[in-house]
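Welcome! Take a moment to look over the sequence and turn the structure around, and then we can walk through it together.

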Amino acid sequence: MRALPAFAAALLTVSLALAGCSMGASDSQDMKADSAAKPATGQEGAGAAADEGKGEQLAEGGKKAEPDADAAKTHVIRTATLSVEVKSVTKALAEARSVALDAGGVIEDETTERVDDSYITSHVVLRVPEAEYDSVLTELAGTGKLLSRTANAKDVTEQVVDVNSRIATQRASVNRVRKLMDQAQDITDVVALESQLNTRQAELESLLAKQASLADRTTMATVTLDLSERAKEEKTDEDDGPGFLDALGGGWDAFVSVLRWIVVVLAAILPFVVALAVLFVLWRVFGVRLTALRARRTPVVEPAAAPAPSPSPDEDKDEGKQD
């Protein structure tokens, strides 16, 4: 039972030691920059240290002031997607452009294409001020038949406040290093301070880019509009029935189809007809000659004369009476 409190006390001592090491490592970077200029500056280094303390106080004051000022405002990124079916995409697209421009927005992206030569579709991305976001959505949805609508609002107030605070601190750090560079006289100190300045300047530029991106997305809402129109086949419902021209066109199509099938059939049997014709010609040319030659080579056998019939006894009697 006594081993457990002893182990807990040892674990607490080790955690406190590690926390102290991490705090010391975080403060060592600024101490390196300060110690690089102190040997070469003397009393000027002391004045610089005093100025540095004032700069830190101002930085801390700015760091506290900016978040307090931004905390009063809510920063929201708004996006929406609309799908609308219209009678004419061209007219609806022109109306959408007019709505966005009148609201102070811009056309960020646009893609319009014709599908199967029957109808047109358009994909448009609009950027409008956040204050005009709701009114723009209402006007765009009223251009035709609303098929779908999706809206999203993301609160990024904490991100904006954090970025602004980090920018203020980073600017104060960059200014500190620049002052130390102005006071440094040794080339080694100048090189070390220049490396620190480049690193902190790069971090500051990255934070400024993030701040600009957040400002753009929170001040300008993004609206994606998909426009489509009905197919032309739906407009034939008003016709009562086929007319003369329709019947004529249908008959012509049927006639052309019949002729096409006749040509196909003739083309299919043409090789057989040609083959039979060739065989017939060969038979007429060579078959007749072969028959004639065979007839010449075969001898003609004449039939033998039949013997005269002998007269019957009755005929002899008749001849005797006549005599």
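Let us begin with the sheet, keeping in mind that this is a predicted model. Five strands form an open sheet with mixed pairing, and their order across it is β2-β3-β5-β1-β4. At the edges you will find β2 (106–115) and β4 (145–155), each of which pairs on one side only. Going from one strand to the next, the twist averages 10 degrees.

With the sheet in view, here is the wider setting. The protein has eight helices and five strands. Starting at the N terminus, its elements follow the pattern α-α-β-α-β-β-α-β-α-α-β-α-α. The protein holds 323 residues, and buried ones make up 24% of them. How much area does the protein expose? About 23,200 Å², with carbon and sulfur atoms supplying 59% of it. Consider also the contacts between residues at least 6 apart in sequence: 81% of these join residues at least 24 apart.

Now let us move through the strand pairs. At one edge of the sheet, β2 runs alongside β3 in the antiparallel sense, and nine bridges connect the two. To find your place in this pair, look for D109, which stands opposite V125 in β3. The hairpin of β2 and β3 has three residues between the strands, and in this hairpin D116 takes a positive phi near 55 degrees.

On to β3 and its next partner. Strand β5 (residues 220–229) pairs with β3, again in the antiparallel sense and over nine bridges. Here V124 is a useful landmark, with L225 of β5 opposite. Is strand β3 mostly buried or exposed? Nine of the 11 residues in β3 (residues 119–129) are buried, so the strand is largely enclosed by the rest of the structure.

Toward the other edge, strand β1 (residues 76–86) joins β4 in antiparallel pairing over 10 bridges. T81 and T150 are the residues to look for, as T81 stands opposite T150 in β4.

Next, let us turn to the charged side chains. A search of the whole structure finds five salt bridges. One of them is formed by E130 and R78, whose closest N and O atoms are 3.3 Å apart. What does this pair link? It links distant parts of the chain, since E130 sits in the loop between β3 and α4 (133–141) while R78 belongs to strand β1, 52 residues apart. Both partners have some access to the surroundings: E130 counts as partly exposed at 27% relative accessibility, and R78 is partly exposed too, with a relative accessible area of 29%.

Another salt bridge joins D216 to R127, with the closest N and O atoms 3.2 Å apart. Because D216 lies in helix α6 (residues 187–219) and R127 in strand β3, the pair ties together parts that are 89 residues apart in sequence. Are the two partners buried or exposed? D216 counts as partly exposed, at 36% relative accessibility. R127, however, is buried, because its relative accessible area of 9% falls under the 20% cut-off.

A further salt bridge stays within one element. D162 and R166 form it, and their closest N and O atoms are 3.7 Å apart. Both residues lie in helix α5, four residues apart, which is about one turn of the helix. D162 is partly exposed with a relative accessible area of 38%, and R166 counts as partly exposed at 41% relative accessibility. Salt bridges can also share partners, and in this structure such sharing joins E108, R127 and D216 into one network.

While you are at helix α5 (residues 157–183), find L180 as well, which is part of that helix. L180 is buried, because its relative accessible area is 7%, under the 20% cut-off. Now look along the chain to V190: the two residues are 10 apart in sequence, and 8.7 Å separates the C-alpha atoms of L180 and V190.

To retrace the path, start again from the open sheet and its order β2-β3-β5-β1-β4. Then pause at β3, where nine of the 11 residues are buried, and at R127, a buried residue of the salt bridge with D216.

Technical notes: Residues are numbered from 1 along each chain as its sequence is written. This is a predicted model: local features need pLDDT of at least 70, side-chain atom pairs count only at pLDDT 80 or more; totals for chains, interfaces and linings use all residues. Side-chain values use heavy atoms; hydrogens and water are left out. Two strands pair if DSSP finds at least two bridges between them. Axes are lines fitted to C-alpha atoms, for helices over the stretch in contact, and angles run from 0 to 180 degrees between N-to-C directions. Buried means under 20% relative accessible area, exposed over 50%, partly exposed in between (1.4 Å probe, protein chains only). Contact means heavy atoms within 4.5 Å. Accessible areas come from the Shrake-Rupley method with a 1.4 Å probe; for residues, only the protein chains shown count as cover. A salt bridge is a side-chain nitrogen of Lys or Arg within 4 Å of a carboxyl oxygen of Asp or Glu.
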